[in-house]
Amino acid sequence: MADWVIRRARAVRGRWTPPGDKSISHRAVILGMLAQGRTEIRGFLESDDCLRTVAIARQLGATVERTAEGVWVVEGLGGRDFQEPNDVLDAGNSGTTARLMAGVLASAPIFSVLTGDESLRRRPMRRVVEPLQRMGAHIDGRQNSSRLPLAIRGGDLRAITYQTPVASAQVKSCVLLAGLRACGVTEVIEPTLSRDHTERMLAAFGATIESAIGNHHNLHRVRLRGGQTLTGVALSVPGDFSSAAFWIAAALMLPQSDLIIEGVGVNPTRTGMLEALAGAGVHLRWEQVGESAGEPVATLRVQPQPLQAMRIGGDLIPRLIDEIPILAVLATQAYGITEICDASELRVKESDRLATITEELRKMGARIECLPDGLRIEGPTPLHGAHVQSHGDHRIAMALAIAGLIAEGETRIESVECVQTSFPDFERTLSELVVY
Ligand code: S3P
């Protein structure tokens, strides 16, 4: 098990392009596999999570090849049936792989067993099993079909209208992917809009998909007719805003920083952190420079700025769901009391992030309290180095590394191999951007 030792730094400086977006990389392989013809993906995130999706696509009979660094070609199955996998499908640590693939598997007349690592086997799957069963899939699994491994016998699905209790892009995407091969029009209604990469990419592959924000209660609806043919495309994956978020935070807090982040995806369903910062008096300069795979891409410049306490909750939560650990670190340096609420979904991520970030930041001197559905953080509080744990959670490991850069003394972070799931180059980025 590897550890990191992090020292206090003066700045992060330079021009940097974040690694490819994790959510978009998964979807590019999955839609490429379902499409007719060839899909060429540039800027693919070669991380453990996304490689799990590749491995499962191959077990289902698609040809997926790496032709150069970050360049992957998928020969799609088109309307052809998937190959019935002759072994268990292992999603590793990847919730996106498990939940999106569950939708794909449920749509095909094959038998498959889907599992994951110890962390993923603890995470809730009822949220995808329930709509898929309503569509007609036969699914059985541990704990009354709410935990992996799941045994899935799919095919012959009928379209449903499904109202998701939580705004989850994984659930929405799972139902839409199943709906692609279902009979009729599948509709997903979510309480607030979650990341919409699947919808954007389906359109890029030639599908007709309708999306609307309802007049009442802000409900978001998306509709897709089954039986549509997808056509392979060439696409470039934008940089991952969630990976950039760690360096945005570092540049805001380290006094002599000046960081230019290029090629970063700024899909508004992902950039809630910028909204939270704007509410705290921090306006980051950014310029949209193009579009890729139906996603806006920008250059962002970050320099240190004083930060006021933040209030984060409600509809904003899905737009910054993965940034809450690093926002907690930022909040330790903000003036006043930051309150994060409506974030109980964090309890079922790769770790219970409300508990793990509280436990670890406290070891560094933070004044942070864990609430049932959020966090309360008092700042500004000077942090000091400590011996902390990742809890096997990549975003906790990286948030603690950034905390280590502003802490007095030395911070040791235990078990950091988990960063391979989303940001394998994190350590190299640290050595390239950080000035001591
Ligand atoms: C993701 C959706 C989010 C997010 C995860 C990636 C996706 O999960 O936290 O990192 O790619 O669809 P939920 O759908 O559980 O909110």
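## Working around the ligand and along α9

A polar side-chain atom of S168 sits 2.6 Å from one of the ligand's oxygen atoms. Keep in mind that this model is predicted.

**Exercise 1.** Find out which residues lie around the ligand, and which side chains come up to a ligand oxygen.

*Solution.* Start with the full ring of neighbours: S23, R27, T96, R99, S168, A169, Q170, R195, I321, D322 and K349. Now look for polar contacts, where the cut-off is 3.5 Å between N or O atoms. S168 passes with its 2.6 Å. R27 does too, as a side-chain N or O atom lies 2.6 Å from a ligand oxygen. For D322, the matching distance is 2.7 Å.

**Exercise 2.** Work out how much of the ligand the protein covers, where the ligand sits, and which elements give two or more residues to its shell.

*Solution.* Take the three contacts above, with R27, S168 and D322. On its own, the ligand has 390 Å² of accessible area, and the protein covers 94% of that. As for the place, the ligand sits in the largest pocket. Two or more shell residues come from each of α1 (22-34), α3 (95-106) and α7 (169-179).

**Exercise 3.** Now try helix α9: how far does it reach, is it buried or exposed, and what caps its N-terminal end?

*Solution.* First, the length: α9 runs over residues 241-253, which is 13 residues. From first C-alpha to last it reaches 18 Å, close to the 18 Å expected at 1.5 Å a residue. Next, the cover: 13 of its 13 residues are buried. Last, the cap: D240 places a side-chain oxygen 2.8 Å from the backbone nitrogen of S242, capping the N-terminal end of α9.

Note on methods:
Residues numbered from 1 in each chain as written. Predicted model: local features only at pLDDT ≥ 70, side-chain atom pairs only at ≥ 80, totals over all residues. Heavy atoms only, no water. Helix = DSSP H or I, 4+ residues; strand = E, 2+ residues; numbered from the N terminus. Expected span 1.5 Å × (residues − 1). Buried < 20%, exposed > 50% of the residue type's maximum accessible area, 1.4 Å probe, protein only. Polar contact = N/O pair within 3.5 Å; in protein donor to acceptor, adjacent residues only side chain to side chain. Near = heavy atom within 4 Å. Areas by Shrake-Rupley, 256 points an atom, 1.4 Å probe, with all protein chains shown as cover. 1 Å grid on protein atoms, 1.4 Å probe; cavity = no way out; pocket = protein on both sides within 12 Å on 5 of 7 lines; lining within 4 Å. Sits in = over half its atoms within 2 Å of the grid points.
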